[in-house]
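Hello,

Here is the structure I said I would pass on. Please open it first, then read my notes below.

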Amino acid sequence: MRWFALLCAVGICLLLGLAVGEHWINPFAPGDALEQTILWELRFPRLLTAFAVGGLLALAGAWFQVLLGNPLAEPYVLGVAGSASAGAVSGLMFMPESAWLMSVGAFAGAWIGIVAVMFFAHLGPNRMLLAGVVLAAFWSAVLALLLALLPEQGLFRAFSWMMGDLSHSDLPISVLLLAWVVALVCGLILSRSLDKLLLGERHAEALGVDVKRLRKRLLLLASAVTALAVTAAGTIGFVGLVIPHLMRLLFGSLHKAVLPASAIGGGLLLVLADSAARTVIAPAELPVGILTAIIGVPVFLFLLIRRN
Amino acid sequence: MSVLLELSDLSITRGGRILLSGLGCTIKAGEVVVVLGPNGAGKSSLLLALTGLIPASGGIELQGRPLAAYGRDELSQSIAWQGELPPTEFGLTVRQRLELAAGEAGSEIETSAAAMDVAPLLQRPLGELSSGERQRTELAALMLRDAPIWLLDEPTAHLDLKHQIHCMHMIKEQRAKGRAIVTVLHDLQQAMAIADHLILIDGKSGAEYGEAKQLFTGNRLSHLFDAPVIRQGSVFVPNYGEKR
C-alpha cells in the first residue's frame, strides 16, 4: 500500500511538474506547438533530471549514513560539496559564461575531494568523518578565496549553482537516469551487507561481512554518485539527509526497502521542489536548494514527532 | 569429542600493552570454557581474537586449519559471537535483528524469540527496549546461528535473575547438543555451574588454562581478582565483609 502510494505520488508530482511554471499548461491537452515544446523539450527533461539527481542524492545519503554509522551524515559530509564548488568556481574564473567548463570543474573538484577523503578511509568511520569535516572547512576556505577573486559577472552564476540549479545541467539525462538505475542495483546487491553493518562493525564482521572491503566499495559508490549529482545540479542540501530517514520511518530499516524508496522519494522531493522553484516567483526562479530545505525539513520534523 | 579450536602460545597486544601471552589450550565439541579475570585483563579481546576480529600472535587453529586461512563468510559459519549491544540509531526492530542473524534459519525466529522471552517484542525497535531486553534479543539472535562454536562475552549482563537462569540453561542445552562454548563471565556461581574448563587472565599478561575443578580454589580466585573470595558450602563468593 505504501509503495503504491509512493508511486502514485511520483506520477502526480511529475504531472504537476509538467503543468506548473511561468504558464499553466494542461499536460494532457497542450494548446499549441509552443506549449508542446515547453512541455516536452523544456519541462520534461528538467523533471527527469530533478528526479534522477534527487534519487542519487538520497541514495548517497543513505549510504553515507551507514558507512559512517551516523544518522546525521549526508552526501556532502566529507567535503565533496565544498571541493566540487571550488572546482565549479575555478571553471567560472577561466570562462565566466561557460556552463560546460563549470560542470567539468565541479566534476573534477568532486573527485579531488573524494581522493582526499580516501586517504583517511583506513582510519575507521569516526576519524574519517572528522577528516571529512576538516577537509570541508578547507574547501570552504578555498571556495571563499576563489569567490573573492571571481569576476563580477560570474558571481550570480556561482551563487545560483551553489544553492542548487537544475536549469543549466549539461549532463545528458540518459547518463543521469542510467546512473540512477546502476546505483540502485549496486545498492540492492549490497543491501544485505548494509543491513548487517547497521548492527555495528564487529557484529557485521561476525556475521560474515568483509567490512573493510564493503566500506571501500560504499565510499567509492556514494562519492561517485554525489560527484555526478553535484555536477548535474550544484549543491542541493537536505535531500540526502532527510529522505533516507523519512523512508526508514515509512518502510522500515532494511535496505532492500530503504534504497528503492529513497531513490524514488529523493526524486519526488526534488521534482516537487523544482516545480515550486519555477513557479513561486515566475518568471524568475528560486534556487532549488532553498526549496528542498523548506519542504523537506518540516515534513521530516512532522513525521519524527508523529512517530514518537 | 572432536577438537574445534586449538590455541598455542597465543599472545594478544592492544595499544602497545601485552594483554596475555603464552596461552595454549584445546576446546572440544560439547564443552564450556569460562574465561575469568579482572576488568581490562583482555577477556573480551581474547574472544575477538578467536573470532578473527583483532590480530593475535601465536597459533589459532579452527577445525584443523589456521584461523587466518578462513574467509570472513566461512568463519561466520563456524563461529558465532555475542558481544556488545548493537547500536539503535537506525531503528531496526527485534524481528529485523533476528532476521539478520538467522540467514537460512528464518523460520526459527519465533522459536528462539519465545525461548528468550522476546516474542512479544518482535515488532518493537531496539531503541525502545531496556538493556536487558536488548541482551535477550542478542541471545535469541545467537540461538539462530548454526555455528559449532559460540563465543559469548558476558551473556548474562543486564539480565534479571529469571533470565540469567534461562541463559545458563540455554548454554547447558547447547553444550549437550555438542556445541563448544567459550564464555566470559563475572559471576563465580554462574561460572561454577557451567564451566568444564577455565581460562584465567590476570591482567598482567599471564593466562592459565585448566580443568574447572582444579582451578576453582579460593586462593587462586582471590589472587586473580585481587579481592577476597571465600568458599561457602559448594560455591565461591566474594567476601564483602573484608577489604584488601
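A:Gly21 follows helix α1 of chain A and has a positive phi, near 150°. The helix before it, α1(A), covers residues 2–19. Its 18 residues reach 25 Å from first C-alpha to last, close to the 26 Å expected at 1.5 Å a residue. Bear in mind that this is a predicted model.

Which residues of α1(A) are buried? They are A:Leu6, A:Val10, A:Cys13, A:Gly17, A:Leu18 and A:Ala19. Their cover includes α2 (33–67), α11 (239–251) and α12 (255–279), again in chain A.

A:Leu6 also gives a sense of distance. From its C-alpha to that of A:Pro151 is 45 Å in space, with the two positions 145 residues apart in sequence. A:Pro151 sits in the loop between α5 (125–149) and α6 (152–162) of chain A. It is partly exposed, at 29% relative accessibility.

Confidence next. The model scores ipTM 0.91 and pTM 0.88. Chain B has a mean pLDDT of 90, and 98% of its residues reach 70 or more. Where pLDDT is low, predicted coordinates should not be read in detail.

**Where the chains touch**

A:Glu205 is a good place to look. It belongs to helix α9 of chain A. Its relative accessibility is 17%, below the 20% cut-off, so A:Glu205 counts as buried. Leaving aside neighbours within four places in sequence, A:Glu205 is in contact with A:Val211, B:Leu53 and B:Arg72. A:Ala257 is 52 residues from A:Glu205 in sequence and 23 Å away, C-alpha to C-alpha.

The helix α9 (201–206) of chain A also helps to cover α5 of chain B. The cover on the buried residues of α5(B) further includes β6 (79–82), α3 (94–102), α4 (109–115), β7 and α6 of chain B.

How many residues of α5(B) are buried? Eleven of the 13 are, so the helix is mostly covered. Among them are B:Gly132, B:Glu133, B:Arg134, B:Gln135 and B:Arg136. B:Leu139 and B:Leu142 are also on the list. From first C-alpha to last, α5(B) reaches 18 Å, close to the 18 Å expected at 1.5 Å a residue.

**Helix α6 of chain B**

This helix runs over residues 161–176. It has 16 residues and reaches 23 Å, close to the 22 Å expected at 1.5 Å a residue. B:His163, B:Cys167, B:Met168, B:Met170, B:Ile171, B:Gln174 and B:Arg175 are buried. Why do the buried residues of α6(B) line one face? Seen down the helix axis, they fall within an arc of 160°, so they line one face of the helix. An α-helix has 3.6 residues a turn, so residues three or four places apart point the same way.

The buried residues of α6(B) pack against β3 (32–36), α5 (131–143), β7 (149–153), β8 (180–184) and α7 (188–194) of chain B. The face turned away from the buried side carries the exposed residues B:Leu161, B:Lys162 and B:Ala176. Just after α6(B) comes B:Gly178, with a positive phi of about 100°.

**Rings**

There are six aromatic pairs over all chains. One of them joins A:Phe138 and A:Trp139, edge-to-face, at 5.2 Å centre to centre and 65° between the planes. A:Phe138 is partly exposed, at 48% relative accessibility. A:Trp139 is buried, with a relative accessible area of 13%.

Another pair is B:Phe216 with B:Phe236. These rings are stacked, 6.0 Å centre to centre, with 10° between the planes. B:Phe216 lies in the loop between α8 (212–215) and α9 (218–225) of chain B, while B:Phe236 lies in strand β12 (residues 235–238), so the pair ties together parts that are 20 residues apart in sequence. Both residues, B:Phe216 and B:Phe236, are buried.

One charge over a ring to check: B:Arg65 lies over the face of B:Tyr70, at 4.1 Å from the ring centre. B:Tyr70 is also touched by B:Ser78. B:Ser78 lies in helix α2 (residues 72–78) of chain B. It is buried, at 8% relative accessibility. Not counting residues up to four places away in sequence, B:Ser78 also touches B:Leu62, B:Gln63, B:Ala147, B:Pro148 and B:Ile149.

Best wishes

Definitions and conventions. Residues are numbered from 1 along each chain as its sequence is written. Chains are lettered from A and ligands numbered from 1 in the order in which they are written. This is a predicted model: local features need pLDDT of at least 70, side-chain atom pairs count only at pLDDT 80 or more; totals for chains, interfaces and linings use all residues. Side-chain values use heavy atoms; hydrogens and water are left out. Helices (H or I, at least four residues) and strands (E, at least two) are DSSP runs, numbered from the N terminus. The expected span of a helix is 1.5 Å times one less than its number of residues. Buried means under 20% relative accessible area, exposed over 50%, partly exposed in between (1.4 Å probe, protein chains only). The arc is that of the directions from the helix axis to the C-beta atoms. Contact means heavy atoms within 4.5 Å. Rings of Phe, Tyr and Trp (its six-membered ring) pair if their centres lie within 6.5 Å; planes under 30 degrees apart count as stacked, over 60 as edge-to-face and the rest as tilted. A charge sits over a ring if NZ of Lys or CZ of Arg is within 6 Å of the ring centre and within 35 degrees of the ring normal. pLDDT is the predictor's confidence in each residue, from 0 to 100.
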